[in-house]
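Visitor: Please take a close look at a single part of this model, and then set that part among its surroundings.

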Amino acid sequence: MADQKDQHQQQQQPHGSKREEEEVITTFSPTIFSPKSFPRRRRIKYCGIVIALVLLQIVVLGVLGLTVFRFKDPNVKLAAISVENFSMALGTSTAINMTLRAEIKVKNQNWGKLKYDESVLVLSHEGLTVGEGTIPKGSIKMRHSKQVSVSVEAKLDGRSSSSSDISSGVLNLKSYAKLSGKVSMVGFMKKRRSGEMNCSLTISLARQAIQDFHCQ
């Protein structure tokens, strides 16, 4: 009889220890996860830090959007121009044939690669087109410049050449080009931009050379 009582107590002992462990867990768990474990001042401090970081990111993105990630037009300028071939026939109708070599400088002002399309350099005299040259398509790295050489064949006959220019010994021409392309930044931001060049040049008929040129 005594042996059976001891066995019954031994069987009940493990169950009692499990209940004690559960009571210990339930006693400490609410303390670990309770909001009271974090003081109110500390919670306010952490919230302030998070808000400050979010505001800082907004300000940084805004500044980048207005400066670095702002799409800009390419800067197109006439760096140099020269006369390679020149011939002039005087008579009842003056005819001038010449070949001009223009060096065009294109500056990519963006923080991204510029791919520009094929374009045309147009020469005109008193509003009439007298010559055209092809600007081949290409690309320019970010914040870099590129110089493009363009050959232009120009022909002036009695309709396009002015007698006043011939008598003064100079020929006044205008050159115009528009370069359009796509700027890519950060891999997914893309936008089309374009730049224009508008210049005036004076050719000395006696020297058969460029006397002066300037651009707007």
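Guide: A residue counts as buried under 20% relative accessible area, as exposed over 50%, and as partly exposed in between (1.4 Å probe, protein chains only). The model is predicted, so local features need pLDDT of at least 70 and side-chain atom pairs count only at pLDDT 80 or more, while totals for chains, interfaces and linings use all residues. Residues are numbered from 1 along each chain as its sequence is written, and side-chain values use heavy atoms, with hydrogens and water left out.

The part I would choose is strand 4, residues 119–125, in a protein chain that has 3 helices and 10 strands (DSSP runs numbered from the N terminus, H or I of at least four residues for helices and E of at least two for strands). Of the 7 residues of strand 4, 5 are buried, so the strand is largely enclosed by the rest of the structure; in the protein chain as a whole, buried residues make up 28% of the 216 residues.

Strand 4 has two antiparallel partners to consider, where pairing requires that DSSP finds at least two bridges between the strands. With strand 5 it pairs over 7 bridges, and there Gly133 is the bridge partner of Leu121. The hairpin formed by strand 4 and strand 5 has 2 residues between the strands, and in it Glu126 takes a positive phi near 55°. With strand 8 the pairing is also antiparallel, over 4 bridges, and Val122 has Tyr176 as its bridge partner in that strand.

Leu121 shows how this part meets its surroundings: leaving aside neighbours within four places in sequence, it is in contact (heavy atoms within 4.5 Å) with residues including Ala102, Ile104, Val150, Val152, Ser175 and Met197. Seen from the other side, Ser175 lies in strand 8 and is buried, at 3% relative accessible area; beyond its neighbours within four places, its contacts include Leu78, Leu121, Val122, Leu123 and Cys199.

Leu121 also belongs to the largest nonpolar core, a set of 36 residues in which Met98, Leu100, Ile104, Leu121, Leu173 and Ile203 have the most contacts. Strand 4 is among the elements that give two or more residues to this core, as are strand 1, strand 2, strand 5, strand 8 and strand 9. Such a core is defined as a set of buried Ala, Val, Leu, Ile, Met, Phe, Trp, Tyr and Cys residues joined through side-chain atoms within 4.5 Å.

Just before strand 4, the loop between strand 3 and strand 4 brings a charged pair into the picture. Asp117 and Arg192 meet through their side chains in a salt bridge of 2.7 Å, N to O (a side-chain nitrogen of Lys or Arg within 4 Å of a carboxyl oxygen of Asp or Glu). This pair links distant parts of the chain, since Asp117 is in that loop and Arg192 is in strand 9, 75 residues apart. Asp117 is partly exposed at 35% relative accessibility, and Arg192 is likewise partly exposed, with a relative accessible area of 45%.

The count comes to 3 salt bridges. Another joins Arg193 to Asp73, with the closest N and O atoms 3.7 Å apart, and it connects strand 9 to the loop between helix 2 and strand 1 across 120 residues. The pair of Arg101 and Glu84 has its closest N and O atoms 3.2 Å apart; Arg101 lies in strand 2 and Glu84 in strand 1, so it ties together parts that are 17 residues apart in sequence.
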